[in-house]
Every structure is written in structure tokens, then in C-alpha cells.
Amino acid sequence: MSKGAILIARNNGRLDYVKQAVFLAKRITHYLDIPVSVITDSEDYLKNSFDYTVFDQIISIPWTEVKNNRIFFDGSLAHKTAPFKNDIRDQVYDLSPYDETLLLDTDYIISNDLFKSCFELTNNLMMFKESYDVAKSRNEKEFKYISDYSVDFYWATVVFFRKSPEVQTFFNLVKHVKDEWNHYRRVYQIGSSLFRNDFAFSIAAHIMNGFDKGSFVGTLPGKHYYTIDKDILWQMKDDSMLFLVEKKDYLGEYLPILTKGQSVHVMNKFSLERVINEEENE
Amino acid sequence: MDERLEKALDFSNYMITLNNQKRMLKEKYYESLLYFSNGCQFTVTRELITFVGFLVDKGNTEDIVLTDDNELPAKIADLETFYEDILDVYFTASNEYNSSYEELKKNRKTELLVDYE
């Protein structure tokens, strides 16, 4: 069976997801030793600006504008509004050239080889349900359930899937949830109209489990460590990352936390890009 | 600022950072205790080691069913090898945890706690 990782890189005028994808592809190759392909609407930019040979395949999709705007914080005191181009994740099942695919957000920074074991585990579909806030001082309720009276939260940040009829049905269902988002967000009591893949994947998991909790979606190895966009990635060297995490109840103040050998979802993409730029300039 | 308070606040910042780093070390340790066999995931706990060791001592070493982290059954063909492997995972992870912890404890300044050079 063929296996590999897939990244999605669609720039929005504010954030350079292509740059992030190139950076992450190198780390995936280093730590997981699997081929990496990218789905992008910026193939020319990728080929003209970066070493695109880090990718096994470049899967080109048309450039589209979206109206799904959201706020991206850069630490607790600065933010920008930008389009949130997140409407293609449900198509990855069809677009992936691999039988076994590890789908990752470009801001999930791989720093160990734990995901190698995904390909050995028997579950055909795995996501993170349990997560861990690196700051550990905030209310994590929003990542436990998709709303106060609703269903379990699954992270769509990292998805492992093995092609099979059931997994195809799951991805088709995610697409349906996305297409009928205004209906499903009301049924599942989601207040915001902003489409989020985490929510769509969680709703699909709930439906596929017979409208209940269940084992249709397996658990990825390890925990989903994350920092939010109000935290700052300050430095990175090899498998170590130094974060400044938001100090609880002290707006604009931070605490340093060093991670070593732990993969972390870095939601502050601006700080991630600064660190990537520093690495490139070294 | 009163010097007594200033010193206490400095120490307070040091302790917050120290506790955060201890917490992250412990998290890394938990991840290091994962062992994969037969398509299943096992967290190597003292309970698992003791139970598997007991089975091996009693001569139950072939085609033994254990439940994994997801409470799914896994038939282990060779339990002696499994036992050796989980012991290796346990000692490797624990020794690394210990050396990282000792290193952390040596640092008496906040900036050294998060210095990765």
C-alpha cells in the first residue's frame, strides 16, 4: 500500500501557507520518512519561490476567493482579518494519491516520529479527540465539545485515513455537512456561522457512530498539543520550540514554555512565519 | 518596589516557569511510554509490566490476548518478546525523563529553564 502525507496550502493575502507547507514537508521527511504531497492553488508561486522538490506531487487546484473571513491573532494584542480558505478538506480523500494518508495542517509542527505508528495501527480513520493546551491555564471546554449542549469535539488538524468504502462515506458526509452548513450548525447548536472543519468532522463522526459516541473514528497516537493564536512561537531549533504563552488575566504579558521532542499545533501563524523566515536566513 | 516583594516576585516567576517545564517533561514522558504491537497501542504502565511479567512467569507466553489503550483485544503471539519490548520502552523513557528532570532542577535562573542551547 502506498503511504504519504498531504498538506493544503492556499494563500489568502495575509498568510503564506505555501511557505509553511514547504517548511513542514522538510520536517515530515526528516521525522516520518514518508513522501509529502501538497494541494495548492499557488503552484507557480511555489515553483518560483521555493524548493518544490520537497514534494512528491503538487496537486494543483483553481484559485478561488472565499467569503469565510475570520480574525487571526498575532499574540494577545494584535490581529488581522483575513479569508479562511478551509473548504477543500473534504476533497482530500479523492485528491490524495496515497492508499494511506496523513493529512496535516501546515501549522502542525512535527517534532518526533510518533505518527509513523499510524500506518501500523488497524483503524482506517484516526483523529485527535484529546488535546492539551501548552499554556494549561485556560478554559479548554471549547475543545471538548463543539458547543455547550452538543457532541464531542474532534480536531481536523491531523487526520489519518486508509482508503476504504466507510472512510469514503465519511468524507462524502463531511462534504454534505459543509454544503448544508447553516442547517447542521443549528441542529448541533453552533452559535457562529463561520464554517470550521473541526465542527464538520465532529458532526460527521457523530452521525457515522449512529448519532452517538463510538469507535468509528480512532484516536491518533499521543496527544494534540496546541498553542492558540494569542500565544507566540518565539524560537525554534531542531525539535525544540520556545513559546511565549498568554499569561492568564494579564493582557499582553507572557510566560515562556519550552517544548522538546513534542509536535505542537502552532495556531499563531504569523509568529510561525517569522520563525520560518529566521531559519531560512540562518 | 520593596526589595522583599521584588525578590519574592522574581522567585514566583521562576517557580511558574519551573512548574511549566516539569509539566511538559511529564507530558513528553507519557508520549515516550507508548508502545505499538499487532496494530494496537499500549501505554507501558507499571500495571501492564507487572501483569505481563506475571503471565510470563506462569508460562503463558503464546497467543495471549491483552486489551490495548482503546480497550480493544489484541492477540500477542510471543509474550516474552512483548515483555522485553515494553521493559525496554519503560526503562528508556524513564531514564530520559530522569536525566531531563535532573538537568532542569540544576537551573536556578528563569532564563536557563527555557534555554535549549
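This report describes the confidence, one sheet and the chain contacts of a predicted model.

For the complex as a whole, the predictor gives an ipTM of 0.90 and a pTM of 0.94. Within chain B, the mean pLDDT is 94, and 98% of the residues score at least 70. Among the elements of that chain, the highest mean pLDDT, 98, belongs to helix H2 (residues 46-57) of chain B, and the lowest, 87, to helix H4 (residues 110-113) of chain B.

In chain A, seven strands form an open sheet with mixed pairing, in the order E3-E2-E1-E6-E10-E8-E11. Strand E3 (58-60) and E11 of chain A stand at the edges with a single partner strand each, so one side of each has no neighbour in the sheet. The partnership of E11(A) with strand E8 (residues 125-128) of chain A is parallel and runs over two bridges; Met127(A) has Thr219(A) in E11(A) as its bridge partner. Helix H1 (residues 17-32) of chain A packs on the sheet, and its direction makes about 160° with that of E1(A). The strands that H1 of chain A touches are listed below.

| Strand of chain A | Residues |
|---|---|
| E1 | residues 3-9 |
| E2 | residues 36-40 |
| E6 | residues 100-104 |

Between the chains, 22 residues of chain A are in contact with 16 residues of chain B. On the chain A side, the elements that give two or more residues are strand E11 (218-219), strand E14 (240-246) and strand E15 (254-260) of chain A, with E15(A) giving the most, six residues. By class, this side of chain A has nine nonpolar, nine polar and four charged residues. Strand E11 of chain A thus appears both at an edge of the sheet and among the elements that touch chain B.

Definitions and conventions
Residues numbered from 1 in each chain as written. Chains lettered and ligands numbered in written order. Predicted model: local features only at pLDDT ≥ 70, side-chain atom pairs only at ≥ 80, totals over all residues. Contact = placed C-beta atoms within 7 Å. Helix = DSSP H or I, 4+ residues; strand = E, 2+ residues; numbered from the N terminus. Nonpolar A, V, L, I, M, F, W, Y, C, P; charged D, E, K, R; others polar. pLDDT = per-residue confidence, 0-100. Pairing = 2+ DSSP bridges. Axes fitted to C-alpha atoms, helices over the stretch in contact; angles between N-to-C directions.
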